[in-house]
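Here are my notes on the model, set out as numbered points. Please read them with the structure open.

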Amino acid sequence: MIRKENWNSGKSLQIFQLLRFGMLVLIGVLLTHSKLSVADIGQYESFLFWAGLASFFWLNGLIQGALPIAGAEEKTSGGKQKSPFLFTVFFVLLVFSTFIALVFTILYQVGLLSFLSGHAWYWFLLYVVFGIPANLIVYVYLLNDRPIGMLLYGFGIFGLQLMLILFALVSGEGVSTILKILALVALLQFLWLVRMVLRYSSIIFSVELARKLLVRSWPLILAALLSGSAQYIDGWLVTIRFDPAAFAIFRFGARELPVVVLIANAFSNAMLPKFGKPAGLASNLEEIRERSAKMMDWMFPLTALLMVLSPRIFPFIFNQAFAESASIFNIYLLLIIPRLIFPQTILNGIGRTKLISQASFYEIIINVGLSVLLSFPFGLEGIAMATVIAYLFEKCYLAYQLFRLDGISVAAYIDWKRHLLFSAGILTLFVLIETVIN
């Protein structure tokens, strides 16, 4: 079923995620420069927001749980026969997405979801049922070592979506046409996924594999849910402690550097199948150490550059009222320090997923507690600081548990001297910018 994977597939996954992000940003820019009203653009954003909010945690958890099992399935079958695992994962994702669509339908019928109306509602359901499972496509390419195919698929599907939306805007079409395009492209992706499942998997639903997938994935689903809710909790705390103007300032600044998040997450996911293969744990740890060191070499300097420029960029792009957003943004840039440490990847790879959900729970508790405490002396910046501290604690906790239970030290999978040097540099720069330059 799966041919030998190499690093090129992991690199292609990183590029694919950047392509997806770039397409979303470009479409957003096109919409703001079109004849669509702010309300129309809000309907488009709500379409994507609700679909993402209802699926991000279980989709990420199931895929991250599936990747190490897929590597083990290759080891078991020896690549000589098709495994039912891919079809089983596909079926589970389809069941989850259908259930979410049913929940949305109930909420819509009782009047709790009013952001869509008429035919747009049916396009939304189609997008949820078929578009969410279609996220599996890129990982089928990853597992079958087809990096070029992955990139061709990315350029093709994202280019098609962008071209269709651009054509609709030029033709003067309304937001309903844009939503229809999103749904139809999702259906096309789903059909492509069905083709790949037929090619690489036996069409047999394995109850045992499904059970193994769910047992391994539920702590990851919980962890994704807890981690993903942090930004909403921060926003809620801001609305309680401050006025609406402060909320806008916080939201404009409360974001990480997207390229760091996307590439780090893609790298982590690309590593997971390797833990089920016979190469050995030591080899995987060394690869994580080498690749993370290379990411540090350019991600930290890029972060430092943005940290220096942000106090001038924010007032220029928005207006002087959002100058304070730059300080919040700079605090969030510090998340690069824990982001480039990968104990969660190793713990997932060796099957200790419950520790990951425990750490996420502790992170939420610390985040909420420190946000309240630090908001009094430091204001909005205190809430941002709490997020960084909580996420750093989570990584330290996972690293400690990995060492305590399996004897794997941080030095085995991170160039700690390089990381410490870069971290000290970015922290020093942050203090200088906030206390001296500004």
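Over the ring of which residue does the charged end of R241 sit, 5.1 Å from its centre? The ring is that of F242.

1. Basis of the notes. This is a predicted model, in which local features need pLDDT of at least 70, side-chain atom pairs count only at pLDDT 80 or more, and totals for chains, interfaces and linings use all residues. Residues are numbered from 1 along each chain as its sequence is written, and side-chain values use heavy atoms, with hydrogens and water left out.

2. R241 and its rings. Besides F242, at 5.1 Å from the ring centre, R241 lies over the face of F376, 4.1 Å from that ring's centre. A charge is taken to sit over a ring if NZ of Lys or CZ of Arg is within 6 Å of the ring centre and within 35 degrees of the ring normal.

3. Aromatic pairs. The whole structure holds 22 aromatic pairs. Rings of Phe, Tyr and Trp (its six-membered ring) pair if their centres lie within 6.5 Å; planes under 30 degrees apart count as stacked, over 60 as edge-to-face and the rest as tilted. One cluster linked by such pairs consists of F47, F104, Y108, W121, F124 and Y127.

4. W50 and Y232. W50 is in helix α2 (residues 38–53); helices (H or I, at least four residues) and strands (E, at least two) are DSSP runs, numbered from the N terminus. W50 has a relative accessible area of 29% and so is partly exposed, where buried means under 20% relative accessible area, exposed over 50%, and partly exposed in between (1.4 Å probe, protein chains only). From W50 to F124 is 74 residues in sequence and 9.5 Å in space, C-alpha to C-alpha. Y232, in helix α10 (residues 230–241), is also partly exposed, at 38%. Y232 touches F49 and L53, leaving out residues up to four places away in sequence; contact means heavy atoms within 4.5 Å. The C-alpha atoms of Y232 and F47 are 18 Å apart, with their positions 185 residues apart along the chain.

5. Helix α13. How many Å does α13 (residues 281–317) span between its end C-alpha atoms? The span is only 47 Å, whereas a straight helix of 37 residues would cover 54 Å at 1.5 Å a residue. The expected span is 1.5 Å times one less than the number of residues. α13 bends by about 55 degrees at S310, and the proline P311 follows within four residues. The bend at a residue is the angle between axes fitted to the seven residues ending there and the seven starting there.

6. Helix α18. The 27 residues of α18 (residues 380–406) reach 40 Å from first C-alpha to last, close to the 39 Å expected at 1.5 Å a residue. G407, just after α18, takes a positive phi of about 70 degrees. Within α18 is E381, which is buried at 16% relative accessibility. Neighbours within four places in sequence aside, E381 is in contact with E324, S327 and I331. E381 and I408 are 27 residues apart in sequence and 35 Å apart in space, C-alpha to C-alpha.

7. R339. Is R339 buried or exposed? With a relative accessible area of 12%, R339 is buried. This arginine belongs to helix α15 (residues 336–339). The R339 side chain makes a polar contact with the side chain of E256, at 2.5 Å. A polar contact is a pair of N or O atoms within 3.5 Å; within protein, one must be able to donate a hydrogen and the other to accept it, and residues adjacent in sequence count only if both atoms are side-chain atoms. Not counting residues up to four places away in sequence, R339 touches E256, V260, V261, A264, N265, Y391 and K395.

8. T177 and K35. T177 lies in helix α8 (residues 175–200) and is buried, at 18%. Its side chain makes a polar contact of 3.1 Å with the side chain of E173. K35, in the loop between α1 (7–32) and α2, is exposed at 87% relative accessibility. K35 and G172 are 137 residues apart in sequence, and their C-alpha atoms are 7.5 Å apart in space.

9. D145. The phi of D145 is near 50 degrees, a positive value in a residue other than glycine. D145 sits in the loop between α6 (137–143) and α7 (147–170), and counts as buried at 19% relative accessibility.
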